[in-house]
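Work through the exercises below with the sequence and the model at hand. Each task is followed by its solution.

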Amino acid sequence: MNAVPLSWYLILSAVLFSLGVAGFLVRRNIITVFMSIELMLNAVNLSFVTFSYQFKQADGHIFTFFVMVVAAAEAAVGLAIILALVRTRRTLEVDEVNLLKF
Amino acid sequence: MDAILFFVFAVIAVACAANLVVQTHPIAGALSLIGVMGSLAVLYLLLGGEFIAAVQVIVYAGAIMVLFVFVIMLLNAGAERPVGRSVVARYLGVPVLVIFLGLLSYVIQSMLPASEAVRFGGFDGGAPAEVGRLLFTRYLLPFEVTSVLILVAILGAVVLGRKEL
């Protein structure tokens, strides 16, 4: 056995995405929750690159590039929001940020 | 060789991702995420994405994760306090996740049409020249729009980072 089938890359992508969802739901620290979102974005990127290989076109790489740009913008704004949150509420726990909770 | 590289780095990626879910301290999670991103860069290389692999290491593992680690150190974030979870979630969470992943793998494996195996060098359209040509011809408008997105993100970060909000 010298090469792996294409579907294994997709299965790996699905496993990483599911672990990202699990981290998003399980963790209480807002920074770890944010990093779980980054993990999900990475898993989707792997799917894009895999399908790009399948169709022998570089379009998937372009979309991966755009996802990275959006992730960078999201990280900048999200971390600024976390800084503002800590400055006003003095906490990093997502459960304690419940001002809008009915 | 392809299979060995795939298995080694797939196992590293999954182990680091599981570590991100399990760890309670954010700095350990950040290091695990860097491990995931590095091993994904190797997988991109196996799939013929040289440019994307380089960008993955430079932008994702280099810039974005440094931002994360910087904020973790700035806020002096410690380990999160253990919270009492429901008994159902504690004992059923991991088995349900494993069953779900098994089902997902089966569905992907059975629904995907039979395709060729991935060989290193089977696709050479991921070089910087090819990606750059696409980026400045067919995807020129989205590429320019992302510059506006970055500008808006910079302004948002500056406004949110001010002393009085």
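Contact means heavy atoms within 4.5 Å. The model is predicted: local features need pLDDT of at least 70, side-chain atom pairs count only at pLDDT 80 or more, and totals for chains, interfaces and linings use all residues. Residues are numbered from 1 along each chain as its sequence is written, chains are lettered from A in the order in which they are written, and side-chain values use heavy atoms, without hydrogens and water.

**Exercise 1.** State how many residues each chain gives to the contact, and how much area is buried.

Step 1. Chain A gives 69 residues and chain B gives 82 residues.
Step 2. Buried area is the accessible area (1.4 Å probe) that two parts lose on being put together, summed over both. For chain A and chain B this comes to about 6,900 Å², with 76% of it on carbon and sulfur atoms.
Step 3. On the side of chain A, the three residues that supply more than any other three are A:M35, A:Y53 and A:M68, with 11% of the area that chain A buries against chain B.

**Exercise 2.** Find the salt bridge across the interface of chain A and chain B.

Step 1. Apply the rule: a side-chain nitrogen of Lys or Arg lies within 4 Å of a carboxyl oxygen of Asp or Glu.
Step 2. The rule finds one salt bridge across this interface.
Step 3. The partners are B:R138 and A:D59, whose closest N and O atoms are 2.6 Å apart.
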